[in-house]
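Dear colleague,

I am passing on the structure that we spoke about, and my notes on it follow below. Please keep it open beside this message while you read.

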Amino acid sequence: MAAAVGFQRCLFAKGRDSQSPAKLNVTGADSLRAHASAVGLQVGFAVVPQLLDLNADPASGSQTGSQDVYTRTVIEQASILVAENAMKWSSLRPTATTYAFDQADRLFAFAAHCTQQVRGHNLCWHEQLPAWFATTATKDNARDLLTQHIQTVAGRYAGRVHSWDVVNEAVHIPDGRADCLRKSPWLEFIGPEYIELAFTAAAKADPQAKLTYNDYDIELDTAEQTAKRGQVLQLVRRLHARGIPIHAIGIQSHLQASGPRAGAGVISLIREAAKMGLDVYITEMDVNTHALEGGPDAQDAAVAAVYKSYLDLVLPEPNVKAVLTWGFTSARTWLNQSKQPWALRPDGARQRPLPFDDEYAPTPAFFAMRNSLDSARQPVVPTDILTPQQNQGDPYAPFAVPGSPGVPPPPVPQPKLQG
Ligand code: G3I
(Lines give C-alpha, C1' and ligand atoms only; values in the text may rest on other atoms or scores of the structure.)
Protein backbone atom coordinates (compact mmCIF):
# COMPACT_ATOMS: atom_id res chain seq x y z
CA MET A 1 0.00 0.00 0.00
CA ALA A 2 0.95 3.63 -0.31
CA ALA A 3 1.70 3.77 3.40
CA ALA A 4 5.40 3.32 2.68
CA VAL A 5 5.54 6.88 1.38
CA GLY A 6 7.66 9.04 3.68
CA PHE A 7 5.72 11.10 6.14
CA GLN A 8 7.78 14.20 5.43
CA ARG A 9 5.64 14.49 2.30
CA CYS A 10 2.95 15.83 4.60
CA LEU A 11 5.23 18.47 5.96
CA PHE A 12 6.17 20.16 2.71
CA ALA A 13 3.43 19.04 0.41
CA LYS A 14 2.96 20.81 -2.89
CA GLY A 15 -0.25 22.18 -1.45
CA ARG A 16 -2.96 23.18 -3.87
CA ASP A 17 -3.55 26.36 -1.95
CA SER A 18 -1.58 29.53 -2.09
CA GLN A 19 0.38 29.03 1.11
CA SER A 20 4.13 28.82 0.91
CA PRO A 21 5.67 25.45 1.76
CA ALA A 22 6.93 26.83 5.06
CA LYS A 23 3.35 27.38 6.13
CA LEU A 24 2.29 23.86 5.19
CA ASN A 25 3.47 22.24 8.37
CA VAL A 26 0.62 20.01 9.42
CA THR A 27 2.03 18.11 12.38
CA GLY A 28 2.42 18.76 16.09
CA ALA A 29 1.02 22.16 16.98
CA ASP A 30 -0.12 22.52 13.35
CA SER A 31 -2.13 19.31 13.31
CA LEU A 32 -5.91 18.99 13.23
CA ARG A 33 -5.68 17.35 16.64
CA ALA A 34 -3.89 20.32 18.22
CA HIS A 35 -6.18 22.87 16.61
CA ALA A 36 -9.31 20.96 17.71
CA SER A 37 -8.00 20.53 21.21
CA ALA A 38 -7.42 24.29 21.48
CA VAL A 39 -11.16 24.86 21.06
CA GLY A 40 -12.30 21.87 23.12
CA LEU A 41 -13.31 19.66 20.19
CA GLN A 42 -12.48 16.11 19.20
CA VAL A 43 -11.33 15.50 15.64
CA GLY A 44 -10.65 12.21 13.95
CA PHE A 45 -11.24 9.66 11.26
CA ALA A 46 -12.80 6.35 10.38
CA VAL A 47 -9.93 3.87 10.15
CA VAL A 48 -9.08 0.32 9.15
CA PRO A 49 -7.63 -1.19 12.37
CA GLN A 50 -5.66 -3.80 10.40
CA LEU A 51 -3.53 -0.99 8.94
CA LEU A 52 -2.57 0.51 12.28
CA ASP A 53 0.88 -0.42 13.52
CA LEU A 54 0.58 -1.30 17.19
CA ASN A 55 4.33 -0.93 17.60
CA ALA A 56 4.33 2.68 16.48
CA ASP A 57 5.84 5.07 18.95
CA PRO A 58 3.41 7.94 19.43
CA ALA A 59 6.15 10.09 20.90
CA SER A 60 8.74 9.61 18.18
CA GLY A 61 7.62 12.58 16.10
CA SER A 62 6.86 12.69 12.43
CA GLN A 63 10.33 13.81 11.38
CA THR A 64 11.77 10.35 11.88
CA GLY A 65 9.80 8.89 8.98
CA SER A 66 10.20 5.55 10.71
CA GLN A 67 6.49 4.77 10.91
CA ASP A 68 4.26 3.90 8.01
CA VAL A 69 2.41 6.96 6.82
CA TYR A 70 -1.09 5.60 7.47
CA THR A 71 -0.28 5.02 11.14
CA ARG A 72 1.71 8.23 11.47
CA THR A 73 -1.08 10.35 10.06
CA VAL A 74 -3.62 8.80 12.42
CA ILE A 75 -1.35 9.36 15.40
CA GLU A 76 -0.53 12.92 14.45
CA GLN A 77 -3.94 14.16 13.40
CA ALA A 78 -6.68 12.34 15.31
CA SER A 79 -7.89 12.55 18.88
CA ILE A 80 -10.79 10.19 18.20
CA LEU A 81 -11.12 7.12 15.97
CA VAL A 82 -13.94 4.98 14.67
CA ALA A 83 -13.74 1.68 12.80
CA GLU A 84 -15.01 2.07 9.25
CA ASN A 85 -16.22 -1.53 9.17
CA ALA A 86 -14.53 -3.57 11.91
CA MET A 87 -17.19 -3.16 14.59
CA LYS A 88 -20.23 -3.89 12.46
CA TRP A 89 -22.13 -7.15 12.84
CA SER A 90 -20.59 -8.62 9.67
CA SER A 91 -17.12 -8.14 11.15
CA LEU A 92 -17.83 -9.11 14.76
CA ARG A 93 -20.17 -12.06 14.22
CA PRO A 94 -18.71 -14.92 12.14
CA THR A 95 -21.51 -17.18 13.41
CA ALA A 96 -24.69 -16.78 15.42
CA THR A 97 -22.95 -18.00 18.54
CA THR A 98 -19.42 -16.58 18.19
CA TYR A 99 -17.64 -13.25 18.16
CA ALA A 100 -14.42 -12.14 16.45
CA PHE A 101 -12.96 -9.26 18.39
CA ASP A 102 -9.41 -9.19 17.01
CA GLN A 103 -9.78 -6.06 14.83
CA ALA A 104 -11.90 -4.16 17.34
CA ASP A 105 -9.48 -5.05 20.13
CA ARG A 106 -6.66 -3.83 17.93
CA LEU A 107 -8.36 -0.46 17.48
CA PHE A 108 -8.86 -0.05 21.24
CA ALA A 109 -5.26 -1.07 21.96
CA PHE A 110 -3.93 1.39 19.38
CA ALA A 111 -6.13 4.23 20.62
CA ALA A 112 -5.15 3.65 24.25
CA HIS A 113 -1.48 3.61 23.23
CA CYS A 114 -1.90 6.93 21.43
CA THR A 115 -4.28 8.55 23.97
CA GLN A 116 -7.11 8.69 21.49
CA GLN A 117 -10.79 8.14 22.10
CA VAL A 118 -12.91 5.58 20.24
CA ARG A 119 -16.43 5.84 18.84
CA GLY A 120 -18.29 2.58 18.47
CA HIS A 121 -19.98 2.08 15.08
CA ASN A 122 -22.45 0.43 15.31
CA LEU A 123 -24.72 -1.80 17.38
CA CYS A 124 -27.85 -1.97 15.26
CA TRP A 125 -28.09 -1.35 11.51
CA HIS A 126 -29.95 -2.85 8.57
CA GLU A 127 -26.74 -3.18 6.49
CA GLN A 128 -23.65 -5.31 6.87
CA LEU A 129 -25.42 -8.03 8.76
CA PRO A 130 -23.60 -11.36 8.48
CA ALA A 131 -24.77 -13.91 5.91
CA TRP A 132 -26.07 -16.28 8.62
CA PHE A 133 -28.48 -13.59 9.83
CA ALA A 134 -30.84 -14.06 6.88
CA THR A 135 -31.36 -17.74 7.64
CA THR A 136 -31.14 -17.59 11.43
CA ALA A 137 -32.94 -14.48 12.66
CA THR A 138 -36.68 -14.81 13.25
CA LYS A 139 -39.45 -12.96 15.03
CA ASP A 140 -38.91 -15.35 17.93
CA ASN A 141 -35.19 -14.84 18.45
CA ALA A 142 -34.40 -11.35 17.08
CA ARG A 143 -34.99 -9.62 20.40
CA ASP A 144 -32.52 -11.96 22.15
CA LEU A 145 -30.01 -11.74 19.28
CA LEU A 146 -29.97 -7.96 19.46
CA THR A 147 -29.86 -7.75 23.24
CA GLN A 148 -27.13 -10.34 23.59
CA HIS A 149 -25.03 -8.74 20.86
CA ILE A 150 -25.24 -5.37 22.58
CA GLN A 151 -24.55 -6.82 26.02
CA THR A 152 -21.51 -8.66 24.72
CA VAL A 153 -20.02 -5.98 22.47
CA ALA A 154 -20.81 -2.83 24.45
CA GLY A 155 -20.04 -4.75 27.64
CA ARG A 156 -16.59 -5.78 26.39
CA TYR A 157 -15.54 -2.19 25.75
CA ALA A 158 -17.50 -0.60 28.60
CA GLY A 159 -15.78 2.45 30.06
CA ARG A 160 -13.49 2.75 27.02
CA VAL A 161 -15.93 4.13 24.46
CA HIS A 162 -16.50 7.83 23.85
CA SER A 163 -19.86 7.20 22.18
CA TRP A 164 -21.76 4.38 20.52
CA ASP A 165 -23.81 4.63 17.35
CA VAL A 166 -26.49 2.50 18.98
CA VAL A 167 -28.96 2.68 16.13
CA ASN A 168 -27.87 3.65 12.64
CA GLU A 169 -30.07 4.95 9.82
CA ALA A 170 -33.48 3.88 11.16
CA VAL A 171 -35.46 6.60 9.37
CA HIS A 172 -36.37 6.11 5.70
CA ILE A 173 -39.41 8.00 4.48
CA PRO A 174 -39.57 6.22 1.06
CA ASP A 175 -40.52 2.99 2.87
CA GLY A 176 -43.93 4.59 3.33
CA ARG A 177 -44.63 3.90 7.00
CA ALA A 178 -46.60 6.47 8.99
CA ASP A 179 -43.82 6.62 11.57
CA CYS A 180 -41.26 7.02 8.73
CA LEU A 181 -39.12 4.20 10.12
CA ARG A 182 -37.11 2.04 7.74
CA LYS A 183 -38.43 -1.45 7.05
CA SER A 184 -35.25 -2.99 8.38
CA PRO A 185 -34.99 -6.61 9.47
CA TRP A 186 -34.96 -5.37 13.06
CA LEU A 187 -38.20 -3.50 12.59
CA GLU A 188 -39.84 -6.38 10.79
CA PHE A 189 -38.81 -8.95 13.43
CA ILE A 190 -39.20 -6.89 16.59
CA GLY A 191 -41.36 -3.87 15.68
CA PRO A 192 -40.55 -0.19 16.21
CA GLU A 193 -39.60 -0.86 19.83
CA TYR A 194 -36.33 -2.39 18.64
CA ILE A 195 -34.89 1.12 18.87
CA GLU A 196 -35.76 1.52 22.53
CA LEU A 197 -34.58 -2.01 23.20
CA ALA A 198 -31.19 -1.23 21.66
CA PHE A 199 -30.65 2.00 23.59
CA THR A 200 -31.75 0.44 26.87
CA ALA A 201 -29.45 -2.56 26.41
CA ALA A 202 -26.54 -0.28 25.47
CA ALA A 203 -27.04 1.86 28.60
CA LYS A 204 -27.06 -1.26 30.75
CA ALA A 205 -23.90 -2.62 29.13
CA ASP A 206 -21.96 0.66 29.18
CA PRO A 207 -23.39 3.37 31.43
CA GLN A 208 -20.55 5.75 30.52
CA ALA A 209 -20.74 5.86 26.72
CA LYS A 210 -22.70 8.63 25.04
CA LEU A 211 -25.47 6.77 23.26
CA THR A 212 -26.05 8.14 19.80
CA TYR A 213 -28.65 7.97 17.04
CA ASN A 214 -26.74 8.32 13.73
CA ASP A 215 -28.17 9.14 10.28
CA TYR A 216 -27.40 10.60 6.83
CA ASP A 217 -29.08 13.04 4.41
CA ILE A 218 -30.25 15.30 7.23
CA GLU A 219 -27.87 18.18 6.52
CA LEU A 220 -29.40 20.16 3.65
CA ASP A 221 -32.49 22.32 3.29
CA THR A 222 -33.86 20.42 0.30
CA ALA A 223 -37.44 19.19 0.69
CA GLU A 224 -36.29 15.58 0.99
CA GLN A 225 -33.62 16.20 3.61
CA THR A 226 -35.79 18.65 5.55
CA ALA A 227 -38.47 16.00 5.81
CA LYS A 228 -36.03 13.32 6.90
CA ARG A 229 -34.36 15.63 9.41
CA GLY A 230 -37.78 16.38 10.91
CA GLN A 231 -38.52 12.68 11.28
CA VAL A 232 -35.13 12.02 12.87
CA LEU A 233 -35.87 14.76 15.35
CA GLN A 234 -39.32 13.31 16.05
CA LEU A 235 -37.77 9.92 16.70
CA VAL A 236 -35.17 11.35 19.05
CA ARG A 237 -37.83 13.41 20.83
CA ARG A 238 -39.99 10.32 21.31
CA LEU A 239 -37.06 8.44 22.84
CA HIS A 240 -36.10 11.35 25.05
CA ALA A 241 -39.66 11.95 26.21
CA ARG A 242 -40.04 8.30 27.16
CA GLY A 243 -36.92 8.38 29.29
CA ILE A 244 -34.91 6.15 26.94
CA PRO A 245 -31.17 6.78 27.44
CA ILE A 246 -30.01 8.76 24.42
CA HIS A 247 -27.28 11.35 24.66
CA ALA A 248 -26.35 12.46 21.16
CA ILE A 249 -27.31 12.74 17.51
CA GLY A 250 -24.75 11.75 14.88
CA ILE A 251 -25.05 13.78 11.69
CA GLN A 252 -23.10 11.72 9.16
CA SER A 253 -22.43 14.58 6.73
CA HIS A 254 -21.69 12.75 3.50
CA LEU A 255 -21.88 15.93 1.45
CA GLN A 256 -21.74 16.74 -2.27
CA ALA A 257 -19.36 19.18 -3.95
CA SER A 258 -22.09 20.38 -6.32
CA GLY A 259 -25.60 21.42 -5.43
CA PRO A 260 -27.12 23.07 -2.40
CA ARG A 261 -25.20 23.81 0.77
CA ALA A 262 -26.33 23.17 4.34
CA GLY A 263 -28.02 26.08 6.10
CA ALA A 264 -30.70 26.88 8.66
CA GLY A 265 -32.12 23.37 8.87
CA VAL A 266 -29.10 21.61 10.27
CA ILE A 267 -28.56 24.40 12.76
CA SER A 268 -32.17 24.05 13.83
CA LEU A 269 -31.65 20.32 14.39
CA ILE A 270 -28.52 20.96 16.44
CA ARG A 271 -30.33 23.56 18.57
CA GLU A 272 -33.34 21.31 19.07
CA ALA A 273 -30.91 18.63 20.24
CA ALA A 274 -29.39 21.13 22.65
CA LYS A 275 -32.81 21.82 24.15
CA MET A 276 -32.97 18.13 25.09
CA GLY A 277 -29.46 18.26 26.51
CA LEU A 278 -28.06 16.17 23.64
CA ASP A 279 -24.63 16.43 22.08
CA VAL A 280 -24.11 16.37 18.31
CA TYR A 281 -21.25 14.65 16.50
CA ILE A 282 -20.33 15.12 12.86
CA THR A 283 -19.66 11.44 12.39
CA GLU A 284 -18.77 10.60 8.77
CA MET A 285 -17.86 13.73 6.84
CA ASP A 286 -16.63 13.58 3.27
CA VAL A 287 -17.40 15.46 0.06
CA ASN A 288 -18.42 13.56 -3.05
CA THR A 289 -17.25 15.04 -6.39
CA HIS A 290 -18.78 12.51 -8.78
CA ALA A 291 -20.83 15.21 -10.49
CA LEU A 292 -18.25 17.98 -10.44
CA GLU A 293 -16.55 18.91 -13.69
CA GLY A 294 -12.84 19.75 -13.82
CA GLY A 295 -9.52 18.28 -12.83
CA PRO A 296 -7.96 17.67 -9.43
CA ASP A 297 -7.54 21.38 -8.70
CA ALA A 298 -11.22 22.04 -9.35
CA GLN A 299 -12.16 19.07 -7.17
CA ASP A 300 -9.91 20.24 -4.38
CA ALA A 301 -11.22 23.79 -4.44
CA ALA A 302 -14.85 22.66 -4.40
CA VAL A 303 -14.29 20.08 -1.67
CA ALA A 304 -12.42 22.55 0.53
CA ALA A 305 -15.18 25.14 0.06
CA VAL A 306 -17.77 22.64 1.28
CA TYR A 307 -15.67 21.69 4.32
CA LYS A 308 -15.20 25.35 5.16
CA SER A 309 -18.81 26.45 4.77
CA TYR A 310 -20.22 23.38 6.53
CA LEU A 311 -17.83 23.35 9.47
CA ASP A 312 -18.05 27.13 9.86
CA LEU A 313 -21.80 26.63 10.11
CA VAL A 314 -21.98 23.75 12.59
CA LEU A 315 -18.87 23.84 14.76
CA PRO A 316 -19.71 27.08 16.59
CA GLU A 317 -22.79 25.41 18.08
CA PRO A 318 -21.74 24.60 21.66
CA ASN A 319 -23.30 21.12 21.74
CA VAL A 320 -21.32 20.01 18.67
CA LYS A 321 -18.45 18.13 20.30
CA ALA A 322 -16.66 16.13 17.62
CA VAL A 323 -15.99 16.00 13.90
CA LEU A 324 -14.84 12.83 12.18
CA THR A 325 -14.20 12.28 8.50
CA TRP A 326 -15.03 8.93 6.87
CA GLY A 327 -11.48 7.87 6.22
CA PHE A 328 -8.77 10.48 5.82
CA THR A 329 -6.95 9.67 2.58
CA SER A 330 -8.43 9.38 -0.89
CA ALA A 331 -6.22 6.29 -1.22
CA ARG A 332 -8.76 4.58 1.03
CA THR A 333 -12.25 5.96 0.78
CA TRP A 334 -15.49 4.15 0.10
CA LEU A 335 -16.08 6.78 -2.63
CA ASN A 336 -13.11 5.43 -4.59
CA GLN A 337 -14.02 1.80 -3.82
CA SER A 338 -17.65 1.91 -4.90
CA LYS A 339 -18.69 1.26 -8.51
CA GLN A 340 -22.09 2.88 -7.99
CA PRO A 341 -23.11 5.77 -10.29
CA TRP A 342 -23.12 8.15 -7.31
CA ALA A 343 -19.43 7.46 -6.77
CA LEU A 344 -18.02 7.22 -10.32
CA ARG A 345 -16.85 10.33 -12.15
CA PRO A 346 -17.54 10.50 -15.91
CA ASP A 347 -13.84 11.32 -16.53
CA GLY A 348 -12.77 8.20 -14.62
CA ALA A 349 -10.68 10.30 -12.21
CA ARG A 350 -10.42 9.37 -8.58
CA GLN A 351 -12.32 11.37 -6.01
CA ARG A 352 -10.47 13.58 -3.52
CA PRO A 353 -13.05 13.84 -0.74
CA LEU A 354 -10.85 13.96 2.36
CA PRO A 355 -8.13 15.99 4.12
CA PHE A 356 -5.30 13.86 2.68
CA ASP A 357 -4.78 12.75 -0.91
CA ASP A 358 -3.69 9.43 -2.43
CA GLU A 359 -0.10 10.11 -1.38
CA TYR A 360 -1.05 11.27 2.11
CA ALA A 361 -0.29 14.90 1.35
CA PRO A 362 -2.72 17.37 2.91
CA THR A 363 -5.38 18.65 0.53
CA PRO A 364 -6.97 22.11 0.68
CA ALA A 365 -9.75 20.40 2.66
CA PHE A 366 -7.20 19.84 5.44
CA PHE A 367 -6.55 23.56 5.68
CA ALA A 368 -10.25 24.33 5.41
CA MET A 369 -10.93 21.99 8.35
CA ARG A 370 -8.15 23.51 10.36
CA ASN A 371 -9.35 27.06 9.71
CA SER A 372 -12.89 26.11 10.68
CA LEU A 373 -11.64 24.51 13.88
CA ASP A 374 -9.81 27.72 14.72
CA SER A 375 -13.01 29.73 14.53
CA ALA A 376 -15.20 26.96 15.95
CA ARG A 377 -16.14 28.67 19.14
CA GLN A 378 -16.86 32.04 17.57
CA PRO A 379 -20.49 32.32 16.50
CA VAL A 380 -20.69 32.94 12.77
CA VAL A 381 -24.29 31.91 12.15
CA PRO A 382 -26.74 34.77 12.53
CA THR A 383 -29.65 33.52 14.60
CA ASP A 384 -32.12 35.27 12.33
CA ILE A 385 -31.57 32.63 9.63
CA LEU A 386 -33.81 30.41 11.76
CA THR A 387 -37.51 30.85 11.37
CA PRO A 388 -39.46 31.26 14.61
CA GLN A 389 -41.33 28.04 13.80
CA GLN A 390 -38.11 26.05 13.82
CA ASN A 391 -36.41 27.76 16.68
CA GLN A 392 -38.93 28.43 19.38
CA GLY A 393 -41.84 27.08 21.31
CA ASP A 394 -42.72 23.80 22.92
CA PRO A 395 -39.81 21.38 22.50
CA TYR A 396 -42.30 18.55 22.01
CA ALA A 397 -44.38 20.33 19.40
CA PRO A 398 -44.20 18.80 15.92
CA PHE A 399 -41.15 19.98 14.03
CA ALA A 400 -41.82 21.59 10.68
CA VAL A 401 -41.33 18.85 8.13
CA PRO A 402 -42.38 20.20 4.73
CA GLY A 403 -42.38 17.44 2.15
CA SER A 404 -42.95 14.60 4.58
CA PRO A 405 -46.05 12.40 4.29
CA GLY A 406 -49.23 14.09 5.38
CA VAL A 407 -49.54 12.00 8.48
CA PRO A 408 -49.58 13.68 11.86
CA PRO A 409 -46.75 12.65 14.14
CA PRO A 410 -47.71 10.02 16.71
CA PRO A 411 -48.72 11.38 20.13
CA VAL A 412 -45.76 11.89 22.41
CA PRO A 413 -46.22 9.98 25.66
CA GLN A 414 -45.49 11.96 28.80
CA PRO A 415 -42.30 11.13 30.68
CA LYS A 416 -42.84 8.73 33.57
CA LEU A 417 -43.10 10.48 36.92
CA GLN A 418 -40.63 9.37 39.55
CA GLY A 419 -41.89 7.63 42.72
O1 G3I B 1 -14.60 -7.58 3.52
C2 G3I B 1 -14.97 -7.89 2.16
C3 G3I B 1 -13.84 -8.54 1.47
O4 G3I B 1 -13.57 -9.78 2.09
C5 G3I B 1 -14.18 -8.71 0.00
O6 G3I B 1 -13.09 -9.21 -0.71
C7 G3I B 1 -14.60 -7.39 -0.62
C8 G3I B 1 -15.05 -7.53 -2.07
O9 G3I B 1 -15.90 -6.49 -2.44
O10 G3I B 1 -15.66 -6.86 0.11
C11 G3I B 1 -15.31 -6.61 1.46
O12 G3I B 1 -16.40 -6.05 2.15
C13 G3I B 1 -16.71 -4.72 1.81
C14 G3I B 1 -16.51 -3.86 3.05
O15 G3I B 1 -16.96 -2.54 2.79
C16 G3I B 1 -15.05 -3.79 3.47
O17 G3I B 1 -14.27 -3.20 2.48
C18 G3I B 1 -18.15 -4.68 1.37
O19 G3I B 1 -18.28 -5.36 0.12
C20 G3I B 1 -18.61 -3.26 1.20
O21 G3I B 1 -20.02 -3.25 0.98
C22 G3I B 1 -18.34 -2.49 2.47
O23 G3I B 1 -18.73 -1.16 2.27
C24 G3I B 1 -18.84 -0.39 3.45
C25 G3I B 1 -20.27 0.14 3.59
O26 G3I B 1 -20.36 0.98 4.72
C27 G3I B 1 -21.26 -1.01 3.76
O28 G3I B 1 -22.52 -0.57 3.55
C29 G3I B 1 -17.89 0.78 3.34
O30 G3I B 1 -16.53 0.32 3.36
C31 G3I B 1 -18.11 1.74 4.49
O32 G3I B 1 -17.36 2.92 4.27
C33 G3I B 1 -19.58 2.13 4.58
O34 G3I B 1 -19.76 2.95 5.70
C35 G3I B 1 -21.08 3.48 5.88
C36 G3I B 1 -21.29 3.62 7.36
O37 G3I B 1 -21.07 2.40 8.03
C38 G3I B 1 -22.69 4.13 7.67
N39 G3I B 1 -22.96 5.36 6.93
C40 G3I B 1 -22.69 5.33 5.51
C41 G3I B 1 -21.26 4.86 5.24
C42 G3I B 1 -20.97 4.89 3.77
O43 G3I B 1 -21.77 3.99 3.08
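Helices and strands are named here from DSSP runs, a helix being H or I over at least four residues and a strand being E over at least two, and both are numbered from the N terminus. Please bear in mind that this is a predicted model, in which local features need pLDDT of at least 70 and side-chain atom pairs count only at pLDDT 80 or more, while totals for chains, interfaces and linings use all residues. Residues are numbered from 1 along each chain as its sequence is written.

I begin with strand β6, which covers residues 248-251. In a regular strand the side chains alternate between the two faces of the sheet. In β6 both faces are covered, since Ala248 and Gly250 on one side and Ile249 and Ile251 on the other are all buried (20 or more other C-beta atoms, placed from the backbone, lie within 10 Å of the residue's own; 12 or fewer would make it exposed, and anything in between partly exposed). Strands pair if DSSP finds at least two bridges between them, and β6 is joined by four bridges to β5 (residues 210-215), running parallel, and by four bridges to β8 (residues 279-288), also running parallel. Asn214 stands opposite Gly250 in the first pairing, and Asp279 in β8 is the bridge partner of Ala248 in the second.

Just after this strand comes Ser253, which lies in the loop between β6 and β7 (254-256). Its phi is near 70°, a positive value in a residue other than glycine, and Ser253 counts as buried because it has 27 C-beta neighbours inside 10 Å. Gln128, in the loop between β3 and α6 (131-136), likewise has a positive phi, near 50°, but Gln128 is partly exposed, with 13 other C-beta atoms within 10 Å. Most residues other than glycine have a negative phi, and most peptide bonds are trans. The bond from His121 to Asn122 is cis, with omega near -5°, and Asn122 belongs to strand β3 (residues 117-124).

Which residues surround the ligand? They are Glu84, Asn85, Glu127, Gln128, Tyr216, Gln252, Glu284 and Trp334, where a residue counts as near if its C-beta atom, placed from the backbone, lies within 6 Å. This shell divides into two nonpolar, three polar and three charged residues (Ala, Val, Leu, Ile, Met, Phe, Trp, Tyr, Cys and Pro count as nonpolar, Asp, Glu, Lys and Arg as charged, and the others, Gly among them, as polar).

With best wishes
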